[in-house]
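Reader: I want the reasoning behind the labels, not just the labels. Take me through them one by one.

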Amino acid sequence: MTSETIAGPVQQFQAQIRWRWSEVLFWLATLLPPVLVPSYLVLASQIAITALFALSLDLILGFSGIISLGHAAYFGVGAYTAGLLSKWGWGEPVSGLLIAGFAAGLLGYVTSFVIARFRHLALIMITLGLGLLLQEAANSASWLTGGFDGLQGIHTWPIFQKFDFDLYGYTAYSYSLAVLFLVFLVARRLIHSPFGLALRGIRENGQRMPAIGAPMHAHIRTIYTIAAIIAGIAGAMLAQTTETVSLEALGFQRSADVVVMLILGGTGRLYGGLVGAAVYMVARDQFSGLNPQYWYFWIGLLLIAVVMLLPNGILGGLALLARCLGVRS
Amino acid sequence: MRRLTIAIIAITAAGLAAKTAAAQGTVKIGVVMSYSGQFADPGAQIDNGIKLYMKQHGDTVAGKKIEIVRKDNGGIAPDVAKRLSQEVIVRDGADVLAGFDLTPNALAAADVSEKAKKFMVDMNAATSIITTKSPYMVRTSFTVPQLNETLGAWAYKNGLRKVYTLVSDFGPGYDGEASFQKGFKDAGGEIVGAARYPVANLDFTPFLQRAKDASPDGIYIWVPGGPQPAAIGKTLKELGVDPAKTRILGQGELTQEEALKGMGDAGLGIITAFHYDYNHDSAMNKAFVAAYQAEFKRNPDMFSVGGYDGMHLIYEALKKTNGDTDAEALTNAAKGMKWESPRGPMSIDPDTRDVIQTVYVRRVEKVGGKLVNVEFDKVENVKDPFKARMKN
Amino acid sequence: MPSVFGVLFDGVAYGMLLFLLSVGLSVTLGMMNFVNLAHCSFAMLGGYVTVTLMNAFGWPFFATLPVAFIAAAAASVVLERAFFRRFYNASDLNQCLLTIGIVFVSIASAAYIYGTDEQPVQLPSYLRGSIAFLGLDFANYRLFLIATALLITILLIVTVEMTRFGAQVRAAVNNQRMARGLGINVDGLFAITFALGSGLAGLGGALAIEMVGLDPSFAFTYLIYVLIVVSVGGLGSITGSFAAAMLLGVSDMAGKYYVPAIGSVLIYLVMMVMIMWRPTGLFGRR
């Protein structure tokens, strides 16, 4: 039992938003890969992109209780937007990123009207259905999307007209990491605010929220649109750094994978998506390197082990450990 | 900044070169394809082809030791394919890229082959444009137009006038549809109807019923390997379609070994165009099949032969360049190469770096109690017609 | 006879298969709220049992069906005792993760033991081919499938409506707490229901081989369709699963026949319309 006195709301927010040393350590650690493991930089940049995607899912799943099995729709729309922009002649990365985010956000805003009206299994199936429909539409519109072969002719211009995308992936990693960090700062600010609290209220008991003056549907629409924008930005980064986009960018596999990664890392915690994405992708890379045909088996065991030993995901387990050791962060 | 980046690449390349030189003459081949997921079986067969070639011809060529580094693509994932190709060059020091079972993955990796200047051998992916994406790429499998345009022209020559086409709703299916229709229409035939079925479709009754209702002379079906060909065969029988009256035409996957096992006698009479069958009657193929059976307890298929011939190409090219793995040198050595493969005679087109081979027309018949594809007609030295038209 | 009847027949057959695969999940989800995404792994197990018995041991097809049922039921009992029991009160997400882990393990194991290619099955000759009736061809296997599924449906309905066990199941689905309060052993009931549901899935898997083929990714591929049936039909309802499976089977076939261009997505459209109209399913609890 702590002997902390319960401070007022302003002090509580200030306490939460203060940077903990564990967070500072985490971000410093992300600067290590170019120095320690340069041959893994391409993987690292894809981890950063997936981490951003997982963060966007956390905003709706972890913090607001909206379980979505079709979140890759926004990732894919962002990827195709950035890819098409580049194919049609405008390959500038940063503006491409913003335009793609906007496009994904627009789709998110439109679908949020449907999403906000449903809960539980109905919501899951609707998000699943929307994702599958979009996948089929993208396949049919192969004149636009390149269909099965994927989008061809993407060429990303050097960032700020100086940094070209190299074979090793230095530029790709720096770019992805920088965007991840900036968006993370925004998300962090969002969560540690009255709006963020309202979201958590909606997650716990959505029916009650209007009674205390929090407009449930409007809040859900807002966070869903924001999550869509962020997912779109992640997708655009993938398109720009790999210069390829294919149908699996908005496919069910991608939606399902990111849900697994988020639960693995721990939902409802800002770093859950980041940690989950890193652990899952590194594990998959290593397992498939060791055993290309049956790595699924080891990943399955990993997931079962995590659920049995760490019920709140990896971060939940770490938090429990920290508390047991009496560590104050 | 651009110069700094080039400098970094140059230094690391020099470092890598030093590393490979110090490795006492090893040539590393990075094989990138699907070892897991729904495309795992083709991947396994290609790998078997590679392994068998190395077993038969040893692992040393032109004084260099050959080492295979395997990377699992896990299905359709071009970003992963690109990353794995980059990693196998940068992390593992690969000199040659090989494998590539799926078109999107091959296209993404072509980018890496071009930028990093590495020789690349496409052992399976069959879309025409793939070899145009890197000047250092060679293909040892087949292209969809090569087989299907030939089949279309052959169909007309052999009496068919009205055909209904049914293909899978994705890239290779569209290619098959376009190629067959072009070959058939150019010869003078009429396409009475066309439809596409969903990629993951498992019940073909509605689609085949529609095809039957159009009363064509023949139904052309494009289907990838897997569970679908057997389902198609069985459904055709259930719907009462008689292959003697309504010819069933397709690309070889429709009557592959496992498809025939699954559909049974329903497959009798189906006509397909393909570049390889394990029953092909040549001394070399019989020896190949026997060795394959002994080693892997199953019959080879077109994937196996793509891998086998891919290795042959790499070995012969290295012999010609005396072990030099420079991309341009290997590519030039590969251009125009001609050899006898288990599938028959084949060569590499010096203009397009694509494969030139014989297209066999086969019919499913019962031989010695077993259902097999019997080659009863062929068209020799078929180049990829799509690229040939692109040049004109 | 117009071809619409042929299409209906195929739709009904497909729907019956979906029903067998889904009914178990609907009841267990409704009763215990346990999200078992590994449900189709039991179906896959049943399929592989049939394949092994027929190909390696030469058993006749019909004899393998009860064994497929029992094997899947037995496997589910083992898993339930060893693992699932502890997670009844866990969050939905954790249950998802656990069962997805099991799906991965099952797919990799199936690939390891049986290889990644299709499993062929030689049916007795009277099950192949078709019967011509009033100008249409009715596939023998589909007739067999419909007959079997109807038989099982009748058995299920009789059990649920007319036996004590069935009454207890209905009570537990409707209001678990009250049922416990009345002294009903809900945990034991659930174990039996879970085994039955998984057994039916196993049977469905065995029957599916001939219609849709069997390979290691079966556990994933069919999960989506099963989830669609369960959500449209309503959790905990046998009639709901039946109605939903019929609706989806027929619309899938009809869509592919009449409008092939959107045929593949019709099933998703129907699902979404149904769920938006009735979020808790056709016969689900409100």
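Author: Start with two helices of chain C in this predicted model. The axes of H2(C), residues 39-57, and H9(C), residues 218-233, come within 8 Å. They cross at roughly 125 degrees.

Reader: Why is H2(C) called oblique to H9(C)?

Author: Roughly perpendicular covers 65 to 115 degrees, and roughly antiparallel needs over 145. The crossing is at roughly 125 degrees. That value falls in the rest, so H2(C) is oblique to H9(C). The crossing is right-handed.

Reader: Which residues of H2(C) and H9(C) meet?

Author: From H2(C), C:His39, C:Cys40, C:Ser41, C:Ala43, C:Met44 and C:Gly47. From H9(C), C:Phe218, C:Ala219, C:Tyr222, C:Leu223 and C:Val226. By class, the residues of this contact are eight nonpolar, three polar and no charged.

Reader: What makes C:Gly47 count as polar there?

Author: The classing puts Gly among the polar residues.

Reader: Now H2(C) and H8(C). How do you know that they are oblique?

Author: H8(C) spans residues 186-212, and its axis comes within 6 Å of that of H2(C). The angle is roughly 55 degrees. Roughly parallel needs under 35, and roughly perpendicular begins at 65. The angle fits neither, so H2(C) is oblique to H8(C). This crossing is right-handed too.

Reader: What is the make-up of the contact of H2(C) with H8(C)?

Author: Eleven nonpolar, eight polar and no charged residues. On the H2(C) side they include C:Phe42, C:Leu45 and C:Thr50. On the H8(C) side, C:Ser198, C:Leu203 and C:Ile209 are among them.

Reader: Turn to H4(C). How do you know that its length is close to the expected one?

Author: H4(C), residues 92-114, has 23 residues. From first C-alpha to last it reaches 32 Å. At 1.5 Å a residue, 33 Å is expected. The two values are close.

Reader: Why is H4(C) called mostly covered?

Author: A residue is buried if 20 or more other C-beta atoms lie within 10 Å of its own. In H4(C), 18 of the 23 residues are buried. Just after the helix, C:Gly115 takes a positive phi of about 85 degrees.

Reader: Last, the contact of chain A with chain B. What gives the largest share of chain A's side?

Author: The contact takes 27 residues from chain A and 32 from chain B. On the side of chain A, H4(A), H11(A) and H14(A) give two or more residues. H4(A) has the largest share, three residues. By class, that side has ten nonpolar, eleven polar and six charged residues.

Conventions. Residues are numbered from 1 along each chain as its sequence is written. Chains are lettered from A and ligands numbered from 1 in the order in which they are written. This is a predicted model: local features need pLDDT of at least 70, side-chain atom pairs count only at pLDDT 80 or more; totals for chains, interfaces and linings use all residues. Helices (H or I, at least four residues) and strands (E, at least two) are DSSP runs, numbered from the N terminus. The expected span of a helix is 1.5 Å times one less than its number of residues. A residue is buried if 20 or more other C-beta atoms lie within 10 Å of its own, exposed if 12 or fewer, and partly exposed in between; C-beta atoms are placed from the backbone. Axes are lines fitted to C-alpha atoms, for helices over the stretch in contact, and angles run from 0 to 180 degrees between N-to-C directions. A crossing is left-handed if the near helix is turned anticlockwise from the far one by less than a right angle, and right-handed if clockwise. Two residues are in contact if their C-beta atoms, placed from the backbone, lie within 7 Å.
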